[in-house]
Amino acid sequence: MADIPQTSPRERRLVAEWDLLQSLAHLNPARIGNLAVEDEVFSCTLHKTPALRVGTKDVVTSHRLKIVFPLYYPSVPLELYLKAPVAHPNVHPRTGFLCLWDKHQVSNNVEHALHKTVAMLSRRLENRNPVHVMQPDLQMLSDADYPAPGEPLLGIAHPGIAAHGRLPDEPPARRRRLS
(Lines give C-alpha, C1' and ligand atoms only; values in the text may rest on other atoms or scores of the structure.)
Protein backbone atom coordinates (compact mmCIF):
# COMPACT_ATOMS: atom_id res chain seq x y z
CA MET A 1 0.00 0.00 0.00
CA ALA A 2 2.96 2.30 0.43
CA ASP A 3 3.26 2.66 -3.34
CA ILE A 4 -0.24 4.18 -3.65
CA PRO A 5 0.06 7.96 -3.77
CA GLN A 6 -1.83 9.34 -0.81
CA THR A 7 -3.51 12.32 -2.42
CA SER A 8 -7.20 11.83 -1.78
CA PRO A 9 -9.06 11.13 1.47
CA ARG A 10 -10.01 7.71 0.07
CA GLU A 11 -6.38 6.82 -0.65
CA ARG A 12 -5.34 7.94 2.83
CA ARG A 13 -8.15 5.85 4.30
CA LEU A 14 -7.07 2.76 2.33
CA VAL A 15 -3.52 3.11 3.64
CA ALA A 16 -4.91 3.45 7.17
CA GLU A 17 -7.07 0.35 6.64
CA TRP A 18 -4.04 -1.65 5.45
CA ASP A 19 -2.07 -0.49 8.50
CA LEU A 20 -5.00 -1.49 10.73
CA LEU A 21 -5.20 -4.95 9.15
CA GLN A 22 -1.46 -5.44 9.69
CA SER A 23 -1.81 -4.36 13.33
CA LEU A 24 -4.67 -6.82 13.85
CA ALA A 25 -2.59 -9.60 12.31
CA HIS A 26 0.28 -8.67 14.63
CA LEU A 27 -2.03 -8.84 17.68
CA ASN A 28 -3.55 -12.14 16.47
CA PRO A 29 -0.64 -13.99 14.84
CA ALA A 30 -2.24 -17.44 15.23
CA ARG A 31 -5.59 -16.18 13.91
CA ILE A 32 -4.87 -13.78 11.00
CA GLY A 33 -2.24 -14.53 8.36
CA ASN A 34 -1.31 -14.51 4.67
CA LEU A 35 -2.01 -10.80 4.23
CA ALA A 36 -1.92 -9.50 0.68
CA VAL A 37 -3.08 -6.46 -1.23
CA GLU A 38 -3.71 -6.17 -4.95
CA ASP A 39 -5.50 -3.34 -6.74
CA GLU A 40 -6.93 -1.99 -3.48
CA VAL A 41 -8.37 -5.40 -2.56
CA PHE A 42 -7.05 -6.92 0.65
CA SER A 43 -6.94 -10.61 1.41
CA CYS A 44 -6.06 -12.60 4.49
CA THR A 45 -6.66 -15.97 6.07
CA LEU A 46 -8.65 -16.25 9.27
CA HIS A 47 -7.69 -19.30 11.37
CA LYS A 48 -9.20 -21.07 14.39
CA THR A 49 -12.74 -19.99 13.55
CA PRO A 50 -14.96 -23.07 13.13
CA ALA A 51 -17.91 -22.94 10.73
CA LEU A 52 -19.88 -25.37 8.57
CA ARG A 53 -19.00 -25.55 4.88
CA VAL A 54 -22.07 -24.61 2.86
CA GLY A 55 -24.15 -27.61 1.75
CA THR A 56 -22.35 -30.05 4.08
CA LYS A 57 -21.79 -30.71 7.75
CA ASP A 58 -18.01 -30.46 7.31
CA VAL A 59 -16.35 -28.14 9.81
CA VAL A 60 -13.76 -25.73 8.42
CA THR A 61 -11.56 -23.68 10.73
CA SER A 62 -9.57 -21.56 8.24
CA HIS A 63 -11.19 -19.09 5.87
CA ARG A 64 -9.63 -17.09 3.04
CA LEU A 65 -11.15 -13.60 3.03
CA LYS A 66 -11.29 -10.99 0.29
CA ILE A 67 -11.93 -7.44 1.48
CA VAL A 68 -13.12 -5.11 -1.27
CA PHE A 69 -13.18 -1.33 -0.98
CA PRO A 70 -15.73 0.02 -3.49
CA LEU A 71 -14.96 3.14 -5.49
CA TYR A 72 -16.75 5.50 -3.12
CA TYR A 73 -15.47 3.94 0.09
CA PRO A 74 -15.82 5.05 2.91
CA SER A 75 -19.10 6.67 1.86
CA VAL A 76 -20.26 3.17 0.92
CA PRO A 77 -19.38 0.12 3.03
CA LEU A 78 -16.51 -2.24 2.40
CA GLU A 79 -17.47 -5.72 1.17
CA LEU A 80 -16.14 -8.98 2.53
CA TYR A 81 -16.19 -12.35 0.74
CA LEU A 82 -15.27 -15.86 1.84
CA LYS A 83 -13.44 -17.91 -0.78
CA ALA A 84 -15.33 -21.01 0.44
CA PRO A 85 -18.86 -20.05 1.57
CA VAL A 86 -20.12 -21.32 4.92
CA ALA A 87 -23.54 -22.20 6.29
CA HIS A 88 -24.82 -18.92 7.72
CA PRO A 89 -28.04 -17.06 6.92
CA ASN A 90 -26.12 -13.88 6.03
CA VAL A 91 -23.53 -15.50 3.72
CA HIS A 92 -24.28 -15.92 0.03
CA PRO A 93 -23.95 -19.66 -0.74
CA ARG A 94 -22.19 -19.20 -4.12
CA THR A 95 -20.23 -15.95 -3.91
CA GLY A 96 -19.32 -16.07 -0.22
CA PHE A 97 -20.49 -12.45 0.24
CA LEU A 98 -21.03 -11.64 3.94
CA CYS A 99 -23.86 -9.25 4.68
CA LEU A 100 -22.06 -7.44 7.50
CA TRP A 101 -23.80 -4.12 7.76
CA ASP A 102 -27.37 -3.46 8.81
CA LYS A 103 -26.77 0.29 8.74
CA HIS A 104 -23.62 1.70 7.21
CA GLN A 105 -21.44 4.16 9.11
CA VAL A 106 -18.35 5.82 7.68
CA SER A 107 -16.50 4.80 10.86
CA ASN A 108 -16.92 1.08 10.02
CA ASN A 109 -13.51 -0.24 9.10
CA VAL A 110 -11.60 -3.47 8.46
CA GLU A 111 -11.37 -4.15 12.21
CA HIS A 112 -15.16 -3.93 12.60
CA ALA A 113 -15.56 -6.19 9.57
CA LEU A 114 -13.22 -8.86 10.93
CA HIS A 115 -14.80 -8.84 14.39
CA LYS A 116 -18.25 -9.18 12.85
CA THR A 117 -17.00 -11.95 10.53
CA VAL A 118 -15.65 -13.97 13.46
CA ALA A 119 -18.92 -13.48 15.36
CA MET A 120 -20.93 -14.55 12.31
CA LEU A 121 -18.82 -17.63 11.60
CA SER A 122 -19.07 -18.56 15.28
CA ARG A 123 -22.86 -18.20 15.11
CA ARG A 124 -22.90 -15.43 17.73
CA LEU A 125 -24.22 -12.92 15.20
CA GLU A 126 -26.89 -13.20 12.55
CA ASN A 127 -29.55 -10.97 11.06
CA ARG A 128 -32.89 -12.73 10.47
CA ASN A 129 -34.37 -9.75 8.63
CA PRO A 130 -35.44 -11.24 5.25
CA VAL A 131 -33.53 -8.54 3.36
CA HIS A 132 -30.26 -9.88 4.81
CA VAL A 133 -30.98 -13.64 4.67
CA MET A 134 -29.32 -15.40 1.73
CA GLN A 135 -29.62 -18.99 2.98
CA PRO A 136 -33.20 -19.32 4.28
CA ASP A 137 -33.03 -23.14 4.34
CA LEU A 138 -30.61 -22.98 7.30
CA GLN A 139 -33.57 -22.53 9.63
CA MET A 140 -33.85 -26.33 9.43
CA LEU A 141 -30.50 -26.77 11.25
CA SER A 142 -30.37 -26.81 15.03
CA ASP A 143 -27.66 -25.35 17.23
CA ALA A 144 -26.37 -28.91 17.79
CA ASP A 145 -25.51 -29.12 14.06
CA TYR A 146 -22.97 -26.31 14.37
CA PRO A 147 -19.46 -26.52 15.84
CA ALA A 148 -18.65 -24.84 19.14
CA PRO A 149 -17.96 -21.15 18.60
CA GLY A 150 -14.40 -19.90 18.23
CA GLU A 151 -12.80 -17.22 20.33
CA PRO A 152 -13.15 -13.52 19.43
CA LEU A 153 -10.15 -11.71 17.96
CA LEU A 154 -8.05 -9.38 20.04
CA GLY A 155 -8.75 -5.82 18.96
CA ILE A 156 -6.82 -2.62 18.87
CA ALA A 157 -8.11 -1.82 22.37
CA HIS A 158 -6.16 -4.89 23.64
CA PRO A 159 -4.98 -4.30 27.25
CA GLY A 160 -1.36 -4.91 26.24
CA ILE A 161 -1.38 -1.79 24.09
CA ALA A 162 -4.01 0.34 25.80
CA ALA A 163 -1.67 1.60 28.50
CA HIS A 164 1.24 2.39 26.18
CA GLY A 165 -0.45 2.99 22.82
CA ARG A 166 1.88 0.47 21.18
CA LEU A 167 2.20 -3.26 20.64
CA PRO A 168 3.79 -5.18 23.55
CA ASP A 169 7.05 -6.04 21.74
CA GLU A 170 7.59 -2.65 20.10
CA PRO A 171 10.16 -0.25 21.57
CA PRO A 172 8.74 3.00 22.91
CA ALA A 173 8.41 5.67 20.25
CA ARG A 174 10.41 8.86 20.57
CA ARG A 175 8.39 11.80 21.65
CA ARG A 176 7.76 14.29 18.90
CA ARG A 177 6.87 17.89 19.28
CA LEU A 178 3.46 18.80 17.90
CA SER A 179 3.65 22.24 16.34
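Asn34 counts as exposed in this predicted model, because its relative accessibility is 51% and the cut-off for exposed is over 50%. The residue is found in strand β1. Its phi is near 55°, a positive value in a residue other than glycine. A second residue with this feature is Asp39, which is not a glycine either and has a positive phi of about 50°. Asp39 lies in the loop between β1 and β2. With a relative accessible area of 69%, Asp39 is exposed.

The two strands on either side of that loop belong to a sheet. Strands of a sheet pair through backbone hydrogen bonds, either parallel or antiparallel. Here the sheet is open and has 5 strands, in the order β1-β2-β5-β6-β7, and the pairing is antiparallel. β1 (32-38) and β7 (97-98) are the edge strands, each of them pairing on one side only. The partner of β1 is β2 (residues 41-46), and 5 bridges join these two strands in the antiparallel sense. Within this pair, Gly33 stands opposite Thr45 in β2. Helix α1 packs on the sheet, where it touches β1 and β2, and its direction makes about 160° with that of β1.

The next topic is how the helices meet. Two packed helices are described by the angle between their axes and the distance between the axes. For α1 (residues 9-27) and α2 (residues 110-121), the axes come within 9 Å and cross at roughly 45°. This crossing makes α1 oblique to α2, because an angle of that kind falls outside the ranges for roughly parallel (under 35 degrees) and roughly perpendicular (65 to 115). On the α1 side, the residues in the contact are Glu17, Leu20, Leu21 and Leu24, and they meet Val110, Glu111 and Leu114 in α2. Sorted by class, this contact has 5 nonpolar and 2 charged residues, and no polar ones.

Ahead of α2 comes the loop that links it to β7, and Asn108 lies in this loop. Asn108 counts as buried, because its relative accessibility is 10% and buried means under 20%. What does Asn108 touch, leaving aside its neighbours within four places in sequence? The residues in contact with Asn108 are Arg13, Glu17, Tyr73, Trp101 and Lys103. One of them, Glu17, is also among the α1 residues that meet α2.

Another of these contacts, Tyr73, leads to the loop between β5 (63-68) and β6 (79-82), where Pro74 lies. The peptide bond from Tyr73 to Pro74 is cis, with omega near 10°. Tyr73 counts as buried, at 2% relative accessibility.

Tyr73 also takes part in the aromatic pairs, of which the count comes to 4. In one of them, the ring centres of Phe69 and Tyr73 are 4.9 Å apart and the ring planes stand at 70°, so the pair is edge-to-face. The reasoning is that centres within 6.5 Å make a pair and planes over 60 degrees apart count as edge-to-face. Phe69 is buried as well, with a relative accessible area of 5%. Ring pairs link Phe69 and Tyr73 with Trp18 and Phe42 into a cluster. Tyr73 therefore appears in three settings: the cis bond to Pro74, the contacts of Asn108 and the edge-to-face pair with Phe69.

Conventions
Residues are numbered from 1 along each chain as its sequence is written. This is a predicted model: local features need pLDDT of at least 70, side-chain atom pairs count only at pLDDT 80 or more; totals for chains, interfaces and linings use all residues. Side-chain values use heavy atoms; hydrogens and water are left out. Axes are lines fitted to C-alpha atoms, for helices over the stretch in contact, and angles run from 0 to 180 degrees between N-to-C directions. Helices (H or I, at least four residues) and strands (E, at least two) are DSSP runs, numbered from the N terminus. Angles under 35 degrees count as roughly parallel, over 145 as roughly antiparallel, 65 to 115 as roughly perpendicular and the rest as oblique. Contact means heavy atoms within 4.5 Å. Ala, Val, Leu, Ile, Met, Phe, Trp, Tyr, Cys and Pro count as nonpolar, Asp, Glu, Lys and Arg as charged, and the others, Gly among them, as polar. Two strands pair if DSSP finds at least two bridges between them. Buried means under 20% relative accessible area, exposed over 50%, partly exposed in between (1.4 Å probe, protein chains only). Rings of Phe, Tyr and Trp (its six-membered ring) pair if their centres lie within 6.5 Å; planes under 30 degrees apart count as stacked, over 60 as edge-to-face and the rest as tilted.
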